Amino acid sequence: MRKINILLGMVTAFVFISGSLFAQEKPMTDYEKVQAIYNSLEYNTLAFNDLKQKWVISDPLLVREVYNRFVVRDALRHGGNKMTLAQVKERTESIYNGSVVIDLRKRYYDDEIEYFAFVPEDQLQAENPNFLADPVKDPFLLQDIIGAKLYEKIRTQGYFYSNLTKSVYDTKNGYFYDVYLNALEPHVMYWNTTSSGRNKYLLSLFGKWGEDQLTLPGWYSGEYIVGTALTYYQSITSDPSKYLYDFRAGIAVKSGRPFLSDFKGRQILQPTGQAAYFRASGDVLKYIISGAEGYYLNVEFKYTVNVYSAKEFKPEFQDTISSVRNFGIVEIRKKDIASLGDFGNLEVGGGIATSDYYRYLISPTSSKLTDIDSKKGFVSKFRHNVFVEAGLSRTGGLIQHQVNFQLSYDTEGFSSFGVMGKVMLSDQLGLDLRVMQGFGLDTPTKRWRPDTYIVFSPILRINY
Amino acid sequence: MIQKIIQMVILCGFLLPVFGQNLDELLDQVDLKLRKDKRYLNINYVVFPNNKIGEELKNLPRLNYREPISFKAADNITYNIVFLKEAVGIDSLVLLYVDQITDRSQGDNTGMFSATGGPQSDTVKALNFKDLYNLQRVRPEAYKALLTEVNRFIRENPDQQPSSLLKILPDEDIKTSLGVASRDNTDYLNYMRANYMHWYPKAKVEKKGKRGAAVATADSINYRIEAGFSRFTFSHRSMDFSLGGASIELGTSEKVLNLVPYQSMAVTGGFRTLVNIAQKKEDIDKSFIIDARLLVRLSLNSESMAKVPFAMVSSPKLMVGNAAGLDVTLTRPFGLPVINLFVMTGSEPSLKNPPMRLVNKDGKYVAYYNISSLEGSMSFFWNTSETMTSRFRLDVGAGYYDVHEAQYTSAYSSTIGKSLIQDDFYPMIALHFNFAPGGADIFGAMIKTLDSQVKAEGWLKVMELEGGHVFRFAAAIVSPPLAREKRLWESDGGALVEVRYRYGF
């Protein structure tokens, strides 16, 4: 008897356990089975639903006309069931109020209407809207209900309507070539290779006009740095700023400046000798400090090796020219600290910089540049500054942007606040705008450094 | 009495819907869709073999007061069983309807109204979806017979898709959103064939012979010519060679200087050779191409040259000297982009009695001339879609040109001094666009900036006569300097319009 009880207990337990372990989905009703077949007849374009042509009819008279066809044909349904007269009357009140719109969507590969729904205006953006009646998802059923002529009118959109079709603005970083035309910092990636099938080595030509960290943005400098860059991506990514390391080497050349009239009465910084430029940047701190991933270390410097002769400047009268011959910058920047949604990802940075300042006398009668401050030693011509930056950057989507706010303070009391912003549409066309405001300028500095800097450049990027 | 009750029940049974009201309506909607939607239905059919028609397919009931139907085993009648093979949420094959197709060209065609010019077959819906749905319940053996035949076809033909009723063509309408850039010479060749003044070979199109054998078409064009008001090029078949071909040219344009054709007061003649280094000459899409022009510029120094009626230019202020030049294009050497190199250098022009006489800011009598010019660039190509209707090319590089000043006495009979007053490099960017719907070149445009001046060129296909004679309307515009002051030797820009004839391209 006891054995029987145990056996019964085991059977009961098995039934309970197996019931929960092997629970079947509720079997479909005949209606649901046929509905599934109905829904499966068309070529499935589910993946394109968000790209299909979508619009809303809000013309109250047209909405009434269409709604009335549904009433006449007794085609209003709620939960698959016919509506009662009371239900129809209740819903018609919304039509009288003009608060109902028709939400429509076309098929992807042809022009037929695959989705039609009466929706209260305030429910249009709801995730699960309270429809006035069940949506019609078959163009031929809709045509059957409202008639071929009215269907054709709706389909061809010959009336007032609001277009809600989504446009695709995909941006992906390509590695075949990358032409980034920005007068302030252009680059042309012209060669690439891979060593593991996942990584990328890129060779580029680059240009650089001005130094933000020295509060010397482009236009205000008479020299342009051009050179070549090697960039390494550990694995290919859609975000071009996520390289592992980037080495740059270049030289400084004289540059022209647009809108010369803006600079009247102020000296432009000139290159006064052949200069070499180097920059190394990378997400390399993680190899030194555990957990320091995403901390980019940037080190860059320029060194001028000789002094030009006076004839390089073709002086017509005696004058003074200014020059920043050497500088060095060390910066640490942490990217992707936090995501602020559509505003982008937060990043902060900071560092120290040092730069010298030379004044030379040039004269048509002398073949050499004369250093006005020759009594100062090499080191004493340097001034040092600290800077901090915080910014937001966003890649992908329709609009990409990068905005950085910068504060800088140097050892001689000069400080500056700057905003550097880049905005691009589809990662192809954009604008680079940099504004800096200086404070605490002393009289000699004012000869070559203005209070306010405004520089900009259009951007064109072609990347495949 | 009982018999009457039974009769009443049967009668009521016929009058009531066979299925619940909602289901009945849904079945009608499925049938409506199957009848009306001619393009989007992702459904298939197989032909039911005549020799498989058995007793179970006789006297099949149909709904909506339609007479029962029996499948007929006749030579001129076929039955297409239409079914839904696979879909999300559908775990087994579903029969949708059966079409009966009668071939009227066979069988009974002797009557007075026998078809002669109209359709040769009649298609009627033997069983619709509602009938089949009902058949599954009331005559399962008939439904099973149809289903078995479909399953047999699929089982016995694993590599053959059943005939489809889908009329949209997703395979031919695949869209991409990021555009394309070819990894071989395709984009380069498309551009050069549409815009370049010299001929580029095309891949030979093989035509099928009478018995399907491939027959290579013989190139029937013996010469190629482009002729316009500002340039002329010519090549003959006899100038083709195993690795490419050659051609000659004569023109009035300056590649680097910001001058409208004729404004340089010089003519340039050239010999062009195209070398296609590939294992097979036909593989030009993948080969390494060297396109080189040897140029000779002859200075005419006559202001009247710039006064041709189709050139709207101010008086030229910059002379050019006699010079020789080389213009080379290399396609993707060592995986690099397309490389373009141009150099032109020579001697100073005749400075005695220059056609333009200027006074510089120091009040001296002067004239200006150019001797050398250089340009180097890399070309990048892309298309906005895989149809290659909108084609782009971007040239990025640098250009150089020198300007010399000759100083004179007031009589301009002899120089009293010369100096090099400009010898700088400038960044150069040129953006090209071609519109070629369906591969037919309709329009081309180019905008280039060098040394703060803009040079724009464009052409529009006007007509194409039988035999490949193409006429284009073309224009070139040079702007005055932008964002800087105009130099003494620079003009205010100008424009040239012309008609170009092309044959053999």
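## Exercises around A:Phe140 and the A–B interface

Leaving aside neighbours within four places in sequence, A:Phe140 touches one residue of its chain, A:Arg107, along with B:Leu32, B:Lys33, B:Lys36 and B:Asp37. Keep in mind that this is a predicted model.

**Exercise 1.** Work out where A:Phe140 sits and whether A:Phe140 is buried or exposed.

*Solution.* Start with the backbone: A:Phe140 belongs to helix H5 of chain A, which spans residues 139–146. Next, take the relative accessible area, which is 10% for A:Phe140. Buried means under 20%, so A:Phe140 counts as buried. For a sense of distance, finish with A:Ala229: this residue is 89 places from A:Phe140 along the chain, and their C-alpha atoms are 60 Å apart.

**Exercise 2.** Describe the contact between chain B and chain A, beginning with how many residues take part.

*Solution.* Count first: 55 residues of chain B contact 46 residues of chain A. Then look at area: about 4,400 Å² is buried between the two chains, with carbon and sulfur atoms giving 68% of that.

**Exercise 3.** Find the salt bridges and polar contacts across this interface, then say which element of chain B gives the most residues.

*Solution.* Six salt bridges cross the interface. One pairs the side chains of A:Glu42 and B:Lys33, at 2.8 Å from N to O. Polar contacts join 12 residue pairs between the chains. Several elements of chain B contribute two or more residues to the side touching chain A, among them strand E3 (94–103), helix H3 (129–138) and helix H2 (21–36). Helix H2 of chain B gives the most, 12 residues. Sorted by class, that side of chain B holds 35 nonpolar, nine polar and 11 charged residues.

Methods. Residues are numbered from 1 along each chain as its sequence is written. Chains are lettered from A and ligands numbered from 1 in the order in which they are written. This is a predicted model: local features need pLDDT of at least 70, side-chain atom pairs count only at pLDDT 80 or more; totals for chains, interfaces and linings use all residues. Side-chain values use heavy atoms; hydrogens and water are left out. Contact means heavy atoms within 4.5 Å. Buried area is the accessible area (1.4 Å probe) that two parts lose on being put together, summed over both. A salt bridge is a side-chain nitrogen of Lys or Arg within 4 Å of a carboxyl oxygen of Asp or Glu. A polar contact is a pair of N or O atoms within 3.5 Å; within protein, one must be able to donate a hydrogen and the other to accept it, and residues adjacent in sequence count only if both atoms are side-chain atoms. Helices (H or I, at least four residues) and strands (E, at least two) are DSSP runs, numbered from the N terminus. Ala, Val, Leu, Ile, Met, Phe, Trp, Tyr, Cys and Pro count as nonpolar, Asp, Glu, Lys and Arg as charged, and the others, Gly among them, as polar. Buried means under 20% relative accessible area, exposed over 50%, partly exposed in between (1.4 Å probe, protein chains only).
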